[in-house]
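These are my notebook entries on a structure that I looked up part by part. I set down each item as I checked it.

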2 protein chains.
Amino acid sequence: MTPSPATVSPRLCSVAGALDVIGEKWSLLVVRELILGVQRFNDIAAHTGAPRDILTARLRRLEDLGIVERRPYSDRPPRYEYVLTKAGRDLRPVVMALKHWGDTHVMHRQMPPVLEHHCGEVFVPRVHCAACGEPADGRTLKRIDA
Amino acid sequence: MTPSPATVSPRLCSVAGALDVIGEKWSLLVVRELILGVQRFNDIAAHTGAPRDILTARLRRLEDLGIVERRPYSDRPPRYEYVLTKAGRDLRPVVMALKHWGDTHVMHRQMPPVLEHHCGEVFVPRVHCAACGEPADGRTLKRIDA
DNA sequence: CCGAGTCGGTTGGTTTTCCCAACCCATGGC
DNA sequence: GCCATGGGTTGGGAAAACCAACCGACTCGG
């Protein structure tokens, strides 16, 4: 337990290395969103709660580190989306371990599990209209009772 | 992908909950040290590189959250050591996942794996003198060649 | 053609956090 | 007496995070 004398420097360790890379505030929440398939700047900001300027900084850094890829999905107007690289997808076990620990030691009720659809992707539910098959959301639905 | 309109608030999620608890700078490195069996304030400070005042704050918070236990091992002078609770030991998968990711994506060479001795504890090597069986370190060894 | 809305950001100013060196106190050993 | 050890605390400066407001390029509705 007692360390070697005199020249004790911080442990050279890949846990520390990993935290240097993805240990900054918001980084892992951004990765969580990307794992869930959220790809657009505004959506990531809304779902994580991260300030927009910080989010910009994190996305740039994750891009520099080869964890996310930023790619245009529209030329005019210029629009971008973010997707995980292999290195980024490999963070799933980290996020899952955090989620499991959070489930059992922080949240008092069990959170819904992350599911994987048989297509191989993380399952994100989306409501469709059974009649026409088109997606349904707040803009395509309207109250008719009043 | 596009979220529901209007009232989009940060996702209620145990990943976020976990990060609120152990996502602050240095927290997971402190847990790493405790997993490795380092229990004393000065040793944790030296091995992590955390500033002493920050380390104090983190240890207090981890104690309040029930992740570490602070207990005296000497009355006079008053001295304390830190050990993980069950909730703290349950963070091992998180630290291991981080370590594995760091091994493959940050560090360019493989770091030595964390081993578990058959006694059930994490294996931390300590060099002993084969002759007398006592532990050997910088204070008990001396160069005799010059 | 005008005004409002969308998207992906920037900018400036404030607040919070982190960092570092120095100091403190009780004790034990020389 | 004097220094070392262990577990901190303190003050002050540097860095990071936060927030509201703004911007530019476009689209859409009227």
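**Entry 1: the strands of chain A.** I looked up the bridge partner of Pro72(A) in strand 2 of chain A and found Tyr80(A). The model is predicted, and I read every entry here with that in mind. For Glu69(A), the partner in strand 2 of chain A is Val83(A). Strand 1 (residues 68–74) of chain A runs antiparallel to strand 2 of chain A, and six bridges join them. I noted that the two strands of chain A form a hairpin, with four residues between them. As background for reading such a pair, I recorded that side chains in a regular strand alternate between the two faces of the sheet.

**Entry 2: the strands of chain B.** I then turned to chain B, where strand 1 (residues 68–74) and strand 2 pair in the antiparallel sense over six bridges. Here Glu69(B) has Val83(B) as its bridge partner in strand 2 of chain B. Four residues lie between strand 1 and strand 2 of chain B, and the two strands form a hairpin.

**Entry 3: chain A as a whole.** I listed six helices and two strands for chain A. Along the sequence, their order is α-α-α-α-β-β-α-α. Chain A has 146 residues, of which 30% count as buried. I also looked at contacts in chain A between residues at least 6 apart in sequence; 37% of these join residues at least 24 apart.

**Entry 4: helix 6 of chain A.** I checked the length of helix 6 (residues 92–105) of chain A. Its 14 residues should span 20 Å at 1.5 Å a residue, and the end C-alpha atoms are 20 Å apart, so the two values agree. I then listed the buried residues of this helix, among them Val94(A), Val95(A), Leu98(A), Trp101(A) and His105(A). The charged members of the helix were not absent from the list, which includes Lys99(A) and Asp103(A). I asked which elements cover the buried residues of helix 6 of chain A. The cover includes helix 2 (27–35) of chain A, and from chain B helix 1 (14–22), helix 5 (86–89) and helix 6 (92–105).

**Entry 5: the nonpolar core.** I found that the largest nonpolar core has 60 residues, and that Leu98(A) and Leu98(B) have the most contacts inside it. Leaving aside residues up to four places away in sequence, Leu98(B) touches Val15(A), Ala18(A), Leu19(A) and Val94(A). I added the general remark that nonpolar side chains tend to be buried together in soluble globular proteins.

**Entry 6: the DNA strands.** Which residues are closest to DNA strand C? Of the 17 that surround DNA strand C, I noted Arg40(A), Phe41(A), Asp53(A), Arg76(B) and Pro77(B) as the closest. Helix 3 (41–48), helix 4 (52–64) and strand 2 (79–84) of chain A, with helix 4 (52–64) of chain B, give two or more residues each to this surface. The surface near DNA strand C divides into five nonpolar, two polar and ten charged residues.

Around DNA strand D I also counted 17 residues, with Arg76(A), Pro77(A), Arg40(B), Asp53(B) and Thr56(B) coming nearest. At least two residues each come from helix 4 of chain A and from helix 3 (41–48), helix 4 and strand 2 (79–84) of chain B. I recorded ten charged, five nonpolar and two polar residues for the surface near DNA strand D.

Methods:
Residues are numbered from 1 along each chain as its sequence is written. Chains are lettered from A and ligands numbered from 1 in the order in which they are written. This is a predicted model: local features need pLDDT of at least 70, side-chain atom pairs count only at pLDDT 80 or more; totals for chains, interfaces and linings use all residues. A residue is near a molecule or strand if its C-beta atom, placed from the backbone, lies within 6 Å of it. Two strands pair if DSSP finds at least two bridges between them. The expected span of a helix is 1.5 Å times one less than its number of residues. A residue is buried if 20 or more other C-beta atoms lie within 10 Å of its own, exposed if 12 or fewer, and partly exposed in between; C-beta atoms are placed from the backbone. Two residues are in contact if their C-beta atoms, placed from the backbone, lie within 7 Å. A nonpolar core is a set of buried Ala, Val, Leu, Ile, Met, Phe, Trp, Tyr and Cys residues joined through C-beta atoms within 7 Å.
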